[in-house]
Amino acid sequence: MRNDRARGHAAAFFTIAVWGTTFISTKVLLRGFQPVEILFIRFTMGLLALFLACPRRMRGVTRRQELMFAGAGLCGVCLYYLLENIALTYTLASNVGVILSVIPFFTAVLSHLFLKEERPGGGFYLGFVVAMAGISLISFSGSQLELNPVGDLLSLLAAVIWACYVILTRKISAWGWNTILTTRRTFIWGIFWMLPALLAFDCRLGLERFANPVYLGNLIFLGFGASAVCFVTWNLAVKLLGPVKTSVYTYLAPVITVAASVLILHEPITPLAALGAVLTLAGLLLSQGKSLLKKEAAEEPAE
């Protein structure tokens with residue numbers, strides 16, 4: 001059990017470490033691609049990678065299970081990213097970053113309601129408040145707070161949608177299938193749900209764009225790394241740790257983003273952003289620490 005928890009924490013940290021840097025690739029690709037085109041291409045590439053990694057078919061899927069996969073694909077692959085991208089056209093990126101950081105709170109509520117999991121203790125909520133304060137400092141250190149009802153509500157809806165996805169993947173993981181196979185089936189449904197958006201946004205083929213090595217390299221990173229690998233590691237973390245403990249790692253995304261900005265884009269870090277990073281890490285430890293110690297003590301073999 002202890003090894004499983006260690007693997008789960010490592011998988012969650014790795015996933016967020018990669019996802020926290022994807023904004024750089026997306027920022028580059030938006031020069032030549034529409035947001036929905038980037039999503040469709042990256043998840044199609046990810047699906048291909050998962051087929052190559054595990055070509056065998058899933059057998060014996062019931063209608064109820066198929067509906068679960070369809071829901072996971074709709075929430076985690078299609079709606080979350082579309083809502084996030086649309087929100088960015090209405091409100092500031094800093095607003096979106098802070099609002100999406102409430103994902104662990106919504107995940108905890110939905111886990112208690114639908115998975116009948118134990119309600120998180122005071123340490124979780126204290127960590128949530130501290131992390132939110134840190135993330136706010138990071139997000140608003142270089143900009144002012146500007147409320148925009150449409151963009152902010154879309155961001156809040158995206159947070160709820162991702163929490164729904166985490167709950168669905170938890171239920172799917174309980175069926176015992178290989179994580180690559182379940183992630184692959186979720187991708188198939190996610191791509192299916194994206195097709196109407198491709199038509200609505202009048203997307204084009206534009207094969208000449210793939211001849212650009214910068215575009216191609218960033219698409220490979222998003223498709224194979226951030227999609228194929230990271231969705232598998234995220235779903236594995238949910239399976240091993242549970243939805244709440246895994247979702248708490250989303251607090252780290254702004255910290256990773258700041259670090260990537262400094263290391264890759266050579267952007268300066270402000271004192272407020274540095275303090276925010278420290279508070280965010282403290283919030284993560286507060287949310288995880290006490291419950292982890294309690295769980296380890298309960299599982300320690302009697303002498």
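This report walks through a predicted model, looking at how some of its helices pack, where a few residues sit and what its cysteines do.

## H3 against H4

Let's start with helix H3, which covers residues 35–53, and helix H4, which covers residues 63–90. Their axes come within 10 Å and cross at roughly 150 degrees. That makes H3 roughly antiparallel to H4, and the crossing is right-handed.

On the H3 side, the residues that meet H4 are Pro35, Val36, Leu39, Arg42 and Phe43. Their partners in H4 are Val77, Tyr81, Leu82 and Asn85. Sort the residues of this contact by class and you get seven nonpolar, one polar and one charged.

## A closer look at Arg42

Arg42 lies in H3 and is one of the residues that meet H4. Is Arg42 buried or exposed? With a relative accessible area of 5%, Arg42 is buried.

Arg42 also has company from elsewhere in the chain. Setting aside neighbours within four places in sequence, Arg42 is in contact with Tyr81, Leu222, Gly223, Ala226 and Ser227. Then there's Phe224: Arg42 and Phe224 are 182 residues apart along the chain, yet their C-alpha atoms are separated by 7.6 Å.

## H6 against H8

Next up are helix H6 (residues 103–114) and helix H8 (residues 149–173). Their axes are 9 Å apart, and the two helices pack at an angle of about 45 degrees. H6 and H8 are therefore oblique to each other. As for handedness, H6 passes H8 in a right-handed crossing.

Which residues of H6 meet H8? They are Ile103, Phe106, Thr107, Leu110, Ser111 and Phe114. H8 answers with Leu156, Ala159, Val160, Trp162, Ala163, Cys164, Val166, Ile167 and Lys171. The contact of H6 with H8 is made up of twelve nonpolar, two polar and one charged residues.

## Ile167, on the H8 side

Ile167 belongs to H8 and is buried, at 6% relative accessibility. Not counting residues up to four places away in sequence, Ile167 touches Thr107, Leu110, Ser111, Phe114, Leu115 and Pro243. Among them, Thr107, Leu110, Ser111 and Phe114 are H6 residues that take part in the contact with H8.

How far is Ile167 from Ala49 in space? Going C-alpha to C-alpha, Ile167 and Ala49 are 25 Å apart, with their positions 118 residues apart in sequence.

## H9 against H10

Helix H10 covers residues 213–241, and its axis comes within 9 Å of the axis of H9. The two axes cross at roughly 120 degrees, which makes H9 oblique to H10. H9 passes H10 in a right-handed crossing. From H9, the contact uses Thr179, Ile180, Thr183 and Phe187. From H10 come Ser227, Ala228, Phe231, Val232, Asn235, Leu236 and Lys239. By class, that's six nonpolar, four polar and one charged.

Thr183 is worth a stop here. Thr183 is found in H9, which covers residues 179–200, and counts as buried at 1% relative accessibility. Apart from neighbours within four places in sequence, Thr183 is in contact with Leu50, Phe231, Val232 and Asn235. Phe231, Val232 and Asn235 are among the H10 residues in the contact with H9.

## Val130 in H7

Val130 has its place in helix H7, residues 122–140. With a relative accessible area of 19%, Val130 is buried; the cut-off for that label is under 20%.

What does Val130 touch, once residues up to four places away in sequence are left out? The list is Leu279, Ala282, Gly283 and Leu286. Of these, take Ala282: Val130 and Ala282 are 152 residues apart in sequence, and 7.1 Å apart in space from C-alpha to C-alpha.

## The cysteines

How many disulfides does the structure hold? Zero. A disulfide would need two cysteine sulfur atoms within 2.5 Å. For Cys164, the closest cysteine sulfur is in Cys75, at 5.3 Å, and that is too far for a bond. Cys164 counts as partly exposed, with 27% relative accessibility.

Cys230 tells a similar tale about bonding: the closest cysteine sulfur, in Cys54, is 18 Å from the sulfur of Cys230, too far for a bond. Cys230 is buried, with a relative accessible area of 0%.

Definitions and conventions: Residues are numbered from 1 along each chain as its sequence is written. This is a predicted model: local features need pLDDT of at least 70, side-chain atom pairs count only at pLDDT 80 or more; totals for chains, interfaces and linings use all residues. Side-chain values use heavy atoms; hydrogens and water are left out. Axes are lines fitted to C-alpha atoms, for helices over the stretch in contact, and angles run from 0 to 180 degrees between N-to-C directions. Helices (H or I, at least four residues) and strands (E, at least two) are DSSP runs, numbered from the N terminus. Angles under 35 degrees count as roughly parallel, over 145 as roughly antiparallel, 65 to 115 as roughly perpendicular and the rest as oblique. A crossing is left-handed if the near helix is turned anticlockwise from the far one by less than a right angle, and right-handed if clockwise. Contact means heavy atoms within 4.5 Å. Ala, Val, Leu, Ile, Met, Phe, Trp, Tyr, Cys and Pro count as nonpolar, Asp, Glu, Lys and Arg as charged, and the others, Gly among them, as polar. Buried means under 20% relative accessible area, exposed over 50%, partly exposed in between (1.4 Å probe, protein chains only).
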